[in-house]
Amino acid sequence: MSKGKIIAAVATVLFIAIMLLITGLKAHHDIPLDRTYGTPPPPDLPYPVNNNIGATIVMTVIGLSGVALGIIQWVRTKSPLPLMIALSGAVICIPEVFFDVMGGVYFPWSATEPLGQAYAILGREMPWWIAAGWFGYGAFNFFMFTLLASKPSTKTIWLMLGGAAVGDVVFEEILLSFNVYHYYGNQPLVIVSQLPWWWIPCNSIGVFLAAALAYRFQDFLRGWRSLLMLVITPLSVTTVYGAIALPSWIAVNGNYPWLPTQILGLATIALGIVVFALILELVLKRKPFELGYTPAKDVAEFGSPVQGRIDDRVSAVR
């Protein structure tokens, strides 16, 4: 076994041990279940007006920064694809409701207060800030696409996933402290304060799949076809949730003891790593664990605009 594989194995064992230790030291309470449906009922919590308005403004500004960068790239590359990638994050608010029902998330809302009610699906009323929240996440989608376009090493892509995980923890713990949304039910892997860590790979890898598909098929997604990102991005996130979230959904919606609950959460993280590796292999055509691999900077990948310029030069010579 190589030194790298040994380090990875030791790191995995330590990660699991630390997760189990932290959750084991926390009190594990019985979860009340609905008498009719046998699942945890969502809480009935007040709508914090000022916090929702603030979250909406902040996430909108972040989203607009991604849109501005997308417009700049449109001007430079003559392709609206970067802009559509940034805009497409907002559409994730539609499947978000299904993730919330299965995964135990509740957004306080109001039919009378400002920004308190945007839409309803499955009987869940959603405030405007969740649409703004995913719009802001679109900037992260744009960043991933831009990173892939720079042809980084495979190691850098894995490090990006780690950075996304850390950023998600920091960002969500801050938002959760303002009570604009709440996790309920039998949540696995609540490590810091309120965020269950099994959610991390669902969101970050879901958006990464959208960015990878955009990069892989950027030659096809030209002109009006770039509008397909408004479908590709929410479906990519939904695909990843469907592939990895089931173990945690089972845990959240039952009254299981501590150890099975945490194992189900760890299963989601493990599946997330597998899916991330598959995206590298099947979409980006990279060997997931050849960390030193870096595409040639002067050779285009997947029929990118660079390849188009090379073909034009060859044709002119001929």
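In this predicted model, K78 lies in the loop between helix 2 and helix 3 (81–88). K78 is not a glycine, yet its phi is positive, at about 65°. The residue counts as exposed, because its relative accessibility is 69%, above the 50% cut-off.

Helix 2 (residues 49–77) also packs against helix 5 (residues 128–149), their axes coming within 7 Å. The two axes cross at roughly 35°. The crossing of helix 2 and helix 5 is left-handed. The contact between these helices holds 13 nonpolar and 10 polar residues, and no charged ones.

A second positive phi in a residue other than glycine is found at L189, with a value near 60°. L189 belongs to the loop between strand 4 and helix 7. L189 counts as buried, since its relative accessibility is 0%. G185 lies in that loop too, between strand 4 (182–183) and helix 7 (199–216). G185 is partly exposed, because its relative accessible area is 24%, which falls between the 20% and 50% limits. Leaving aside residues up to four places away in sequence, G185 touches I31, P40 and V252. G185 and D219 are 34 residues apart in sequence, and their C-alpha atoms are 44 Å apart in space.

Positive phi values also occur after two of the helices. Helix 4 (residues 93–103) is followed by G104, with a positive phi near 75°. Within helix 4, the buried residues are C93, P95, E96, V97, F99, D100 and G103. Helix 10 (residues 258–283) has 26 residues. The distance from its first C-alpha to its last is 37 Å, close to the 38 Å expected at 1.5 Å a residue. After helix 10 comes K285, whose phi is positive, near 60°.

Helix 6 (residues 154–177) includes T154. T154 is buried, because its relative accessible area is 0%. Not counting residues up to four places away in sequence, T154 touches L280, R286, K287, P288, E290, L291 and Y293. Of these partners, L280 lies in helix 10 (residues 258–283).

N179 sits in the loop between helix 6 and strand 4. N179 counts as partly exposed, because its relative accessibility is 37%. Beyond residues up to four places away in sequence, N179 touches P48 and P108. N179 and P108 are 71 residues apart along the chain, but their C-alpha atoms are separated by 8.4 Å.

The whole structure was searched for disulfides, and 0 were found. C93 takes part in none; the nearest cysteine sulfur, that of C202, is 18 Å away. For C202, the closest cysteine sulfur is in turn that of C93, and the 18 Å between them is too far for a bond. The cut-off for a disulfide is 2.5 Å between sulfur atoms, so this pair does not qualify. Both cysteines are nevertheless buried. C93 counts as buried because its relative accessibility is 9%, and C202 counts as buried because its relative accessibility is 0%.

Definitions and conventions. Residues numbered from 1 in each chain as written. Predicted model: local features only at pLDDT ≥ 70, side-chain atom pairs only at ≥ 80, totals over all residues. Heavy atoms only, no water. Axes fitted to C-alpha atoms, helices over the stretch in contact; angles between N-to-C directions. Helix = DSSP H or I, 4+ residues; strand = E, 2+ residues; numbered from the N terminus. Left-handed = near helix turned anticlockwise from the far one by under 90°. Nonpolar A, V, L, I, M, F, W, Y, C, P; charged D, E, K, R; others polar. Buried < 20%, exposed > 50% of the residue type's maximum accessible area, 1.4 Å probe, protein only. Contact = heavy atoms within 4.5 Å. Expected span 1.5 Å × (residues − 1).
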